[in-house]
Amino acid sequence: MDPASDGVIDDILSVRGGRLFVEEIAADELARRFGTPIYVMSETGLRRRIRRYVEAFQVRWPEGPVHILPSIKANFSLALRHVLTQEGVGCDTFGLAELHAALESRVPPELISVNGSSKDRALMVRALQAGARITLDSPREVDLVRDVARELRLRARVRFRVRPAYENLEQLSDFHEEEVSVREAAQAYKPGIPTESLLPLGPDALSAPELEVTGVMAHLGRHSADLEVWRGMARSMGRLIGELHEAWSGWEPHEIDLGGGFASPRDPTARATHRGALRTGESRAPTVEEYAQVMTDGLRSALTEARVSSKGKVFEVEPGRGLYADAGIHVATVRNIKSQTQPVRRTWVETDTSEMFLLDTLIERNRWTPLVAEMVSASPTQTADLVGISCGFDVIVPEARLPPVNVGNHIALLDTGAYQDATAANFNAMPRPATILVHGSEAEVIKRAETIEDVFRRDVVPGRLQAPAREREK
Ligand SMILES: Cc1ncc(COP(=O)(O)O)c(C=O)c1O
């Protein structure tokens with residue numbers, strides 16, 4: 001969009017009279033009504049995005065059903081998950097609490113994948129009782145789930161989380177500032193059953209009366225937005241399926257789940273270096289349709305080469321950031337503007353939010369797009385660090401190009417709908433922000449802001465420490 005004019009930024013954000021709108025409500029109006037900082041999510045945006053994922057993959061995988069399993073870790077607000085449940089899609093969960101969130105939000109259990117590192121008995125029991133599929137991560141988990149299934153007299157529906165070799169993925173991972181290939185970076189990531197352990201355990205697991213082995217799952221993650229990485233990822237999965245097919249007397253998975261890791265359209269991930277500079281290079285993220293094309297093509301071709309039929313196979317993906325990120329913004333208020341000319345020139349626009357509520361500023365070196373909500377159309381006149389209220393460096397956007405912003409203006413940070421609320425931290429004992437759901441011209445709180453009392457609710461001060469100092473001396 002030309003920032004000098006009113007118009008459409010994307011399908012949920014627009015500029016009207018120079019003001020930023022989320023669907024039919026001005027962002028500064030939301031800030032006044034609900035206070036700041038706040039996360040704002042668009043219900044219409046989320047519904048449109050999930051429908052686009054379903055359609056994009058369905059038309060490109062005519063061989064069988066497509067299940068989109070949004071990764072709830074990206075945003076575990078229950079109201080948002082209810083929206084997705086109404087849209088009829090499943091869910092990727094990690095651990096007991098996310099499984100709880102999915103079940104609370106009425107996700108059909110047969111469409112839930114229960115992931116988790118070193119799963120414990122409690123998680124297995126809950127998953128089996130609910131009828132959810134368990135995605136097994138180690139030989140230990142194979143033994144444990146059999147044990148639990150026997151005990152509960154239930155048949156467990158399980159898939160193997162696998163570790164494809166990603167042989168040809170020599171492109172560089174965006175998660176590393178040094179030159180590390182996606183192939184190498186993926187091997188450093190712990191999930192999945194090493195192939196050398198998986199091959200010998202297959203025959204026993206496949207014939208176990210307690211288990212129904214439905215398929216395989218892998219998740220590469222957002223190392224790269226290069227489509228050839230995604231084609232290669234799907235091909236590696238197809239090759240590994242071929243290896244299992246050979247080793248296990250012609251076994252074929254019913255479900256093939258290729259995980260998540262798809263960039264959101266403006267793709268803020270890893271765009272800043274550790275020193276805050278903007279990374280150059282390709283900034284256009286692939287479309288959902290492009291991802292769907294290369295992944296279905298890649299999987300189909302590798303399966304054909306391995307003489308495994310793709311007919312009837314269920315194709316699954318687990319988008320997180322690609323689904324939620326650009327359905328949300330974060331809104332803060334400018335509290336102060338501070339400048340110095342000596343010994344170096346510097347301007348700080350101080351807001352009432354924090355990198356602690358936008359943690360991918362630090363974790364994934366995201367570069368956010370800041371808009372001054374009241375003057376989106378104004379030309380930038382200054383370079384300033386957009387900073388937060390914690391005692392850390394708290395540089396949310398270094399060297400942001402901003403219009404003549406004033407105290408009391410509101411800053412909208414785009415593409416913050418995935419992982420920012422989910423990872424927000426209480427550093428400096430700061431209560432975490434509320435989430436507001438916008439639907440047309442309506443807006444409501446779907447997660448209230450924490451209070452100071454909430455922050456200290458888990459603390460326990462033993463009685464002996466509560467006596468005043470004078471009494472202790474007696
Ligand atoms: C198993 C699994 N699936 C899906 C996702 C979603 O990833 P993304 O948000 O990059 O799409 C993750 C994220 O870590 C994951 O671990």
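Gly298 is in contact with Arg231, Gly232, Ala234, Arg235 and Gly238, leaving aside its neighbours within four places in sequence. In this predicted model, Gly298 sits in helix α10, residues 288-305. Gly298 counts as buried, because 22 other C-beta atoms lie within 10 Å and the cut-off is 20 or more. One of its partners, Arg235, is 63 residues away in sequence. The C-alpha atoms of Gly298 and Arg235 are nevertheless 4.8 Å apart.

Helix α9 covers residues 227-247. This helix has 21 residues. From its first C-alpha to its last it reaches 30 Å. That is close to the 30 Å expected at 1.5 Å a residue. Just after α9 comes Ser249, with a positive phi of about 50°.

Helix α8 spans residues 195-207. Its 13 residues should cover 18 Å at 1.5 Å a residue, and its end C-alpha atoms are 19 Å apart, so the two values agree. The helix is nonetheless kinked. The kink is about 45° and lies at Leu201. The proline Pro203 follows shortly after that point.

The chain as a whole contains 14 helices and 21 strands. It has 474 residues, and a compact globule of that length would have a radius of gyration near 23 Å; the chain has 24 Å, which agrees. Along its principal axes the C-alpha trace spans about 75 × 70 × 45 Å. Of the 474 residues, 48% count as buried. Contacts were also sorted by separation along the chain. Among those between residues at least 6 apart in sequence, 69% join residues at least 24 apart.

A ligand is surrounded by 18 residues. The closest are Ser71, Gly260, Glu318, Gly320 and Arg321. By class, the shell around the ligand has nine polar residues, five charged and four nonpolar.

Met375 provides a further case of contact across the sequence. Met375 is placed in the loop between β16 (370-372) and β17 (382-387). This loop residue is buried, because it has 20 C-beta neighbours inside 10 Å and 20 is enough to qualify. Not counting residues up to four places away in sequence, Met375 touches Gly18 and Pro403. Val405 is 30 residues from Met375 along the chain. The C-alpha atoms of Met375 and Val405 are separated by 8.2 Å.

Pro108 also lies in a loop, between α4 (95-104) and β8 (112-115). With 14 C-beta neighbours inside 10 Å, Pro108 counts as partly exposed. Pro108 and Val89 are 19 residues apart in sequence. In space, their C-alpha atoms are 8.4 Å apart.

Several backbone details remain. Most peptide bonds are trans, and most residues other than glycine have a negative phi. A cis peptide bond joins Thr36 and Pro37, with omega of about 0°. Pro37 lies in the loop between α1 (27-34) and β5 (38-42). Gln342 and Pro343 are likewise joined by a cis peptide bond. Here omega is about -10°. Pro343 belongs to the loop between β14 (328-340) and β15 (346-351).

Positive phi values occur at Glu399 and Ala429. Glu399 has a phi of about 50°, although it is not a glycine. This residue lies in strand β18, residues 395-402. Glu399 counts as partly exposed, because its 15 C-beta neighbours inside 10 Å fall between the limits of 12 and 20. At Ala429, phi is near 55°. Ala429 is placed in the loop between α12 (420-423) and β20 (434-439). Ala429 is exposed, because 8 other C-beta atoms lie within 10 Å and the limit for exposure is 12 or fewer.

Technical notes: Residues numbered from 1 in each chain as written. Predicted model: local features only at pLDDT ≥ 70, side-chain atom pairs only at ≥ 80, totals over all residues. Helix = DSSP H or I, 4+ residues; strand = E, 2+ residues; numbered from the N terminus. Rg over C-alpha atoms; globule rule 2.2 N^0.38 Å. Contact = placed C-beta atoms within 7 Å. Near = placed C-beta within 6 Å. Nonpolar A, V, L, I, M, F, W, Y, C, P; charged D, E, K, R; others polar. Expected span 1.5 Å × (residues − 1). Bend = angle between axes of the 7 residues up to and from the residue.
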